[in-house]
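Got your viewer open and a selection box ready? Let's take a walk through this one, stop by stop.

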Amino acid sequence: TPGLRKGKCVRTDIDFYGTHRAHRTIRYADVILMMFDCGQRISKVDRKLCSYIESYYKPCILVVNKWDLMAEHMPTERWANYLRDNFGSLWNAPIAFITGKDGRNVKKMLNHAQMLYKQSLDRVSTPQLNKIIRSALDHHPPPIVKRRRPKIYYATQIGVQPPTIVLKCNDPAAFPKSYRKYLLGVLRDTLSFGEIPIRMV
């Protein structure tokens, strides 16, 4: 996305179509490589793009480029924490440190991108999925709402890219956001979707 600008700075046709093209690319991509220059701070444009990536449930690698200029001054862990702090919703996304000029770690990054693509096509059987959900419910039951504990009857995967899992329950509104996040975490830790977004309905 070279030359991509903030929304208020989009004044010409070139700026407008540059922004439109970046969004269209995200919508149609199988895997996103979100690039960062290690010598610059994360910008509002970066945050908006990552938010857009998240809204479309796209597998993503956070790529820190020009690392040869920073390797002697900063540990990779510090930059990784900087990314995690700014993009908490992409906490599951892998981080790659590359040097585009000499191709260092680029091949590993591309191999990892292929692995994410394969993850996005994986399917899990309904019996296996229900066994995982039952275990999660037993270990940490949902909170009681209006003197009743909400129930999940069964779970099934209905799609890929992203892996989409439907939970049939008696009262969806009774499951708070924190409990849904817990269930997503269990699925991510147990299934082969560890580094990609999962859509749970």
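What follows is a tour of a sheet, its helices, two nonpolar cores, the cysteines and some backbone oddities.

Before you click, note that this is a predicted model: local features need pLDDT of at least 70, side-chain atom pairs count only at pLDDT 80 or more, and totals for chains, interfaces and linings use all residues. Residues are numbered from 1 along each chain as its sequence is written, and side-chain values use heavy atoms, with hydrogens and water left out.

**Stop 1: the sheet**

Helices (H or I, at least four residues) and strands (E, at least two) are DSSP runs, numbered from the N terminus. Two strands count as paired if DSSP finds at least two bridges between them. Select strands 1, 2 and 3: they make an open sheet in the order 1-2-3, with parallel pairing. Strand 1 (32-37) and strand 3 (95-97) are at the edges with a single partner strand each, so one side of each has no neighbour in the sheet. On average, neighbouring strands here are turned by 25 degrees against each other, direction ignored. Zoom in on strands 1 and 2, which run parallel and are joined by six bridges. Asp-37 sits opposite Asn-65 in strand 2.

**Stop 2: helices across the sheet**

Now add helix 2 (residues 44-55), which lies across strand 1 and strand 2 and runs at about 165 degrees to strand 1. Then show helix 3 (residues 76-86), lying across strand 1, strand 2 and strand 3, at about 140 degrees to strand 3. For these angles, axes are lines fitted to C-alpha atoms, for helices over the stretch in contact, and angles run from 0 to 180 degrees between N-to-C directions. Contact means heavy atoms within 4.5 Å.

**Stop 3: the cores**

A nonpolar core is a set of buried Ala, Val, Leu, Ile, Met, Phe, Trp, Tyr and Cys residues joined through side-chain atoms within 4.5 Å. Buried means under 20% relative accessible area, exposed over 50%, and partly exposed in between (1.4 Å probe, protein chains only). Which residues have the most contacts inside the largest nonpolar core? Pick Ile-152, Leu-187 and Leu-191, out of 28 residues in that core. Elements giving two or more residues to this core are strand 2 (60-65), helix 4 (106-120), helix 5 (126-139), strand 4 (152-159), strand 5 (164-169) and helix 6 (177-190). Helix 5 contributes the most, with five residues.

Center on Leu-187: leaving aside neighbours within four places in sequence, it is in contact with Leu-129, Ile-132, Ile-133, Ile-165, Ile-198 and Met-200. Apart from this core lies another, of 26 residues, including Tyr-52, Leu-62, Leu-83 and Ala-93.

**Stop 4: the cysteines**

With a disulfide taken as a pair of cysteine sulfur atoms within 2.5 Å, the count is zero. Try Cys-38: the nearest cysteine sulfur, that of Cys-50, is 17 Å away. Cys-38 is buried, at a relative accessible area of 5%, and Cys-169 is buried too, at 18%.

**Stop 5: backbone oddities**

Most residues other than glycine have a negative phi, and most peptide bonds are trans. Select Gln-161 and Pro-162, which are joined by a cis peptide bond with omega about 0 degrees. Pro-162 is in the loop between strand 4 and strand 5.

Go next to Lys-66, in the loop between strand 2 and helix 3. Though not a glycine, Lys-66 has a positive phi of about 60 degrees, and it is partly exposed, with a relative accessible area of 37%.

Finish at Arg-147, in the loop between helix 5 and strand 4. Its phi is also positive, near 65 degrees. Is Arg-147 buried or exposed? Arg-147 is exposed, with a relative accessible area of 84%.
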